[in-house]
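Trainee: Could you take me through one part of this protein slowly, as I am still learning how to read a structure? I would like a close look at the second largest pocket and the sheet around that part of the chain.

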Amino acid sequence: VHSPYGSQSTDKKMERVILNINKNINCLAAGPLNPNLKRDILIIGSSTSLQAFDLLENKDLFYKEIPDGVTSILFGYISPNPNPLIIVGENCSIQGFDYTGEEKYWNVSGDMVNVMEMCDIDDDGANELIAGSEDSAIRAYKNAEMLFDLQETGKVKHLSRIRQDSFAFALDNGQI
């Protein structure tokens, strides 16, 4: 963890903190998971687990075995949950966990989920979950319901919200 401006210390060694997870790390994310903490939590997705780590307190908040491995991570709100969730892409499924590690969302996906984004594609004031996968599909979910399934010409590698109601995507064949 690199924090050149966040440290109160004048010791340059404090600008960088090394965490040794001893696992193959597939993805990282940070966000305000616990509404009571008022700070970001580091989320670590590996080939076998999901881990929430509080950097300030230097401790695990939770650890979950994910047998199929974590392939992507996103913070977001999925109704009816009032608090943000860690949304985890896996092999053929998507799960959402709260700050205690309790599963609050589950949905099926057609293949390994490479990337996810939140976007209000139906312009109703609430974000939908957009997931891109290995089977060249982009799927949009409103809560547990699939809104659409777009078949593309390559594996979906990147998603990016452009505006509140639209997104861009990039495929492994170079198409955008």
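Mentor: What follows is a walk from the pocket to the strands and loops. Please keep in mind that this is a predicted model, and that the values below are computed from it.

Let us begin with the space itself, since the strands are easier to follow with a place in mind. Rolling a probe the size of a water molecule over the atoms shows where empty space is left. The second largest pocket holds about 160 Å³ of space, and its lining is made up of Tyr77, Ile78, Ser79, Asn81, Tyr105, Ala126, Asn127, Glu128, Leu129, Tyr141, Lys142 and Asn143. Two elements, strand E9 (128–133) and strand E10 (137–142), each give two or more residues to this lining. Sorted by class, the lining has 6 nonpolar, 4 polar and 2 charged residues.

One of the lining residues, Asn81, deserves a longer look. Asn81 sits in the loop between strand E5 (72–76) and strand E6 (85–89), and it counts as buried because its relative accessibility is 16%, where the cut-off for buried is under 20%. Its side chain reaches the backbone oxygen of Ile78 at 3.0 Å, and Ile78 is itself listed in the lining of the second largest pocket. The loop between E5 and E6 also holds Pro80, and the peptide bond that leads from Ser79 to Pro80 is cis, with omega near 5 degrees.

Now we can place E5, E6, E9 and E10 in their sheet. Strands of a sheet pair through backbone hydrogen bonds, either parallel or antiparallel. Here 7 strands form an open sheet with antiparallel pairing, and their order is E5-E6-E7-E8-E9-E10-E11. At the edges stand E5 and strand E11 (145–151), each of which pairs on one side only, and the twist from one strand to the next averages 25 degrees.

Within this sheet, strand E7 (residues 91–97) and strand E8 (residues 103–119) run antiparallel and are joined by 6 bridges. They form a hairpin with 5 residues between them, and in the turn Gly101 has a positive phi of about 90 degrees. Following the bridges, you will find Glu103 in E8 as the partner of Phe97, while Gln95 stands opposite Trp106 in E8. E8 also pairs with E9 in the antiparallel sense, over 6 bridges, and there Met118 stands opposite Leu129 in E9. Leu129 brings us back to our starting point, since this residue is among those that line the second largest pocket.

For contrast, turn to another sheet, in which 4 strands form an open, antiparallel arrangement in the order E1-E2-E3-E4. Its edge strands are strand E1 (25–31) and strand E4 (59–65), each pairing on one side only, and neighbouring strands are turned by 15 degrees against each other on average, direction ignored. Strand E3 (residues 49–54) pairs with E4 over 6 bridges in the antiparallel sense, and the bridge partner of Phe53 in E4 is Asp60. In the loop between E3 and E4 lies Asn58, which has a positive phi of about 55 degrees although it is not a glycine. Asn58 counts as exposed because its relative accessible area is 55%, where exposed means over 50%.

Methods:
Residues numbered from 1 in each chain as written. Predicted model: local features only at pLDDT ≥ 70, side-chain atom pairs only at ≥ 80, totals over all residues. Heavy atoms only, no water. 1 Å grid on protein atoms, 1.4 Å probe; cavity = no way out; pocket = protein on both sides within 12 Å on 5 of 7 lines; lining within 4 Å. Points joined across faces, edges and corners; volume = space filled by probe spheres on them. Nonpolar A, V, L, I, M, F, W, Y, C, P; charged D, E, K, R; others polar. Pairing = 2+ DSSP bridges. Axes fitted to C-alpha atoms, helices over the stretch in contact; angles between N-to-C directions. Buried < 20%, exposed > 50% of the residue type's maximum accessible area, 1.4 Å probe, protein only. Polar contact = N/O pair within 3.5 Å; in protein donor to acceptor, adjacent residues only side chain to side chain.
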